[in-house]
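User: Please take a close look at one part of this model. Then work outward from it, in short steps, so that I can follow along on the structure.
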Amino acid sequence: RSSDLAQSQGGINVYPNPVKELLKINSDRWKQESCKVELINSSGKTFFQANTNAPEMQLDVSKYPKGFYLLKITGKELLYTNKIVVN
């Protein structure tokens, strides 16, 4: 099972990072299952949360405080985390 998770990391593109306005997320894996997308700041506060199975989404972070965030995407067979910097 863990090998499935490791391979799924490569199926998700998140850019640009650092980001000022629009964070773009795309994945061909979302066609198979709905995933939960969360953006959490360094104190653990969730700034964004949504469920999606669209192959692409854009997240407007222009009104979020600057700093480090954790982007977390979870599905049945998917666990992706990445540090995002909002400038």
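Analyst:
**Starting in a loop**

P18 has its place in the loop between strand 1 and strand 2. (Strands here are DSSP runs of E with at least two residues, helices are runs of H or I with at least four, and both are numbered from the N terminus.) The model is predicted, so local features need pLDDT of at least 70 and side-chain atom pairs need 80 or more, while totals for chains, interfaces and linings use all residues. Residues are numbered from 1 along each chain as its sequence is written, and side-chain values use heavy atoms, with hydrogens and water left out.

What kind of peptide bond joins N17 and P18? The bond is cis, with omega about 10 degrees. The loop holds another proline, P16, also between strand 1 and strand 2. The peptide bond from Y15 to P16 is cis too, with omega near -15 degrees. Most peptide bonds are trans.

Now step out to the strands beside the loop. Strand 1 and strand 2, residues 22–27, pair in the antiparallel sense over four bridges. (Two strands pair if DSSP finds at least two bridges between them.) Y15 has already appeared at one of the cis bonds. Y15 also stands opposite K24 in strand 2.

These strands belong to an open sheet. Three strands make it up, in the order 1-2-5, and the pairing is antiparallel. Strand 1 (12–15) and strand 5 (56–60) stand at the edges, each with a single partner strand, so one side of each has no neighbour in the sheet.

Strand 2 also holds N26. Is N26 buried or exposed? N26 has 15% relative accessibility, so it counts as buried. (Buried means under 20% relative accessible area, exposed means over 50%, and partly exposed lies in between, with a 1.4 Å probe and protein chains only.) Leaving out residues up to four places away in sequence, N26 touches G11, I12, N13, Y15, P55 and E56. (A contact means heavy atoms within 4.5 Å.) So Y15 turns up again, this time as a contact of N26.

Next comes the other sheet. It is open and has four strands, in the order 4-3-6-7, with antiparallel pairing. Strand 4 (46–52) and strand 7 are its edges; each has a single partner strand, so one side of each is left without a neighbour in the sheet.

Look at strand 3 in this sheet. Six of its seven residues are buried, so strand 3 is largely enclosed by the rest of the structure. Strand 3 pairs with strand 4 over six bridges, in the antiparallel sense. V37 stands opposite A50 in strand 4. Four residues lie between the strands in this hairpin, and G44 takes a positive phi near 95 degrees. Strand 3 also runs antiparallel to strand 6, again joined by six bridges. There, E38 stands opposite K72 in strand 6.

Strand 6 leads on to strand 7. The two pair in the antiparallel sense over nine bridges. G75 has L78 in strand 7 as its bridge partner.

Side chains link many of these strands. The largest nonpolar core has 20 residues, and V14, I25, L39, L71, I73 and I84 touch the most other members. (A nonpolar core is a set of buried Ala, Val, Leu, Ile, Met, Phe, Trp, Tyr and Cys residues joined through side-chain atoms within 4.5 Å.) Strand 1, strand 2, strand 3 (35–41), strand 5, strand 6 (67–75) and strand 7 (78–86) each supply at least two residues of this core. Strand 7 gives the most, with four residues. So strand 1 and strand 2, on either side of our starting loop, both contribute to this core.

Finally, the rings. The count comes to three aromatic pairs. (Rings of Phe, Tyr and Trp, with its six-membered ring, pair if their centres lie within 6.5 Å; planes under 30 degrees apart are stacked, over 60 edge-to-face, and the rest tilted.) F47 and Y69 form one edge-to-face pair, 5.4 Å centre to centre with 85 degrees between the planes. F47 lies in strand 4 and Y69 in strand 6, so this pair ties together parts that are 22 residues apart in sequence. F47 is partly exposed, at 24% relative accessible area. Y69 is buried, at 4%. Y64 and Y69 form a tilted pair, 6.2 Å centre to centre with 35 degrees between the planes. Y64 is buried as well. Ring pairs thus link F47, Y64 and Y69 into a cluster.

Stand back for the whole chain. It has one helix and seven strands. From the N terminus on, the order is α-β-β-β-β-β-β-β. Of its 87 residues, 34% count as buried.
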